[in-house]
Amino acid sequence: MSSINDSQKPAPPQGVSWNEEDWQGMLKRLPSQWQEQAVKLKAWQRIRKLAQVSDLLRALLVYAACGYSFRQLGLWATLVGVGCLSERAWRKRVERAQEPTGCATR
């Protein structure tokens, strides 16, 4: 007797399948000053293992949309070529990208 039920289908693989064209199209929809705002709010402070602000944004969107752990985010980012950061480094980046304390929420 088999322990696998033939009517059960394996779960689809998790992840984000944005290709580069989709990603570039999404970036064009952002306000013109979004990168400067990331610097102003200190979400982006320096280049370190991430080449550009859009790499950080892409990782943050994947983190939020997929519910990844920081370890999973690190694996995803490495596999797609966004950046090679440790679990702790991703945690710091996400914390810095959050809304500053004292700002009103809408």
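A residue counts as buried when its relative accessible area is under 20%. By that criterion, 25% of the 106 residues of the protein are buried in this predicted model. The accessible surface comes to about 8,400 Å², and carbon and sulfur atoms hold 51% of that area.

The protein contains 5 helices and 0 strands, so its elements, read from the N terminus, run α-α-α-α-α. Among contacts with a separation of 6 or more, 57% join residues 24 or more positions apart.

Helix α5, residues 87-97, serves as an example of how burial is arranged. Its buried residues include Trp90, Arg93 and Val94. Viewed down the axis of α5, the buried residues fall within an arc of 95°, so they line one face of the helix. The spacing has a general background: an α-helix has 3.6 residues a turn, so residues three or four places apart point the same way. The cover over the buried residues of α5 includes α3 (53-66) and α4 (70-80).

The packing of α3 against α5 can be followed residue by residue. The axes of these two helices come within 11 Å and cross at roughly 95°. Angles of 65 to 115 degrees count as roughly perpendicular, and the crossing therefore makes α3 roughly perpendicular to α5. On the α3 side, the contact is made by Leu56, Ala59, Leu60 and Tyr63; on the α5 side, by Trp90, Arg93, Val94 and Ala97. Sorted by type, the residues of this contact comprise 7 nonpolar, no polar and 1 charged. Trp90, Arg93 and Val94 thus appear both among the buried residues of α5 and in the contact with α3.

Conventions: Residues are numbered from 1 along each chain as its sequence is written. This is a predicted model: local features need pLDDT of at least 70, side-chain atom pairs count only at pLDDT 80 or more; totals for chains, interfaces and linings use all residues. Side-chain values use heavy atoms; hydrogens and water are left out. Buried means under 20% relative accessible area, exposed over 50%, partly exposed in between (1.4 Å probe, protein chains only). Helices (H or I, at least four residues) and strands (E, at least two) are DSSP runs, numbered from the N terminus. The arc is that of the directions from the helix axis to the C-beta atoms. Contact means heavy atoms within 4.5 Å. Axes are lines fitted to C-alpha atoms, for helices over the stretch in contact, and angles run from 0 to 180 degrees between N-to-C directions. Angles under 35 degrees count as roughly parallel, over 145 as roughly antiparallel, 65 to 115 as roughly perpendicular and the rest as oblique. Ala, Val, Leu, Ile, Met, Phe, Trp, Tyr, Cys and Pro count as nonpolar, Asp, Glu, Lys and Arg as charged, and the others, Gly among them, as polar. Accessible areas come from the Shrake-Rupley method with a 1.4 Å probe; for residues, only the protein chains shown count as cover.
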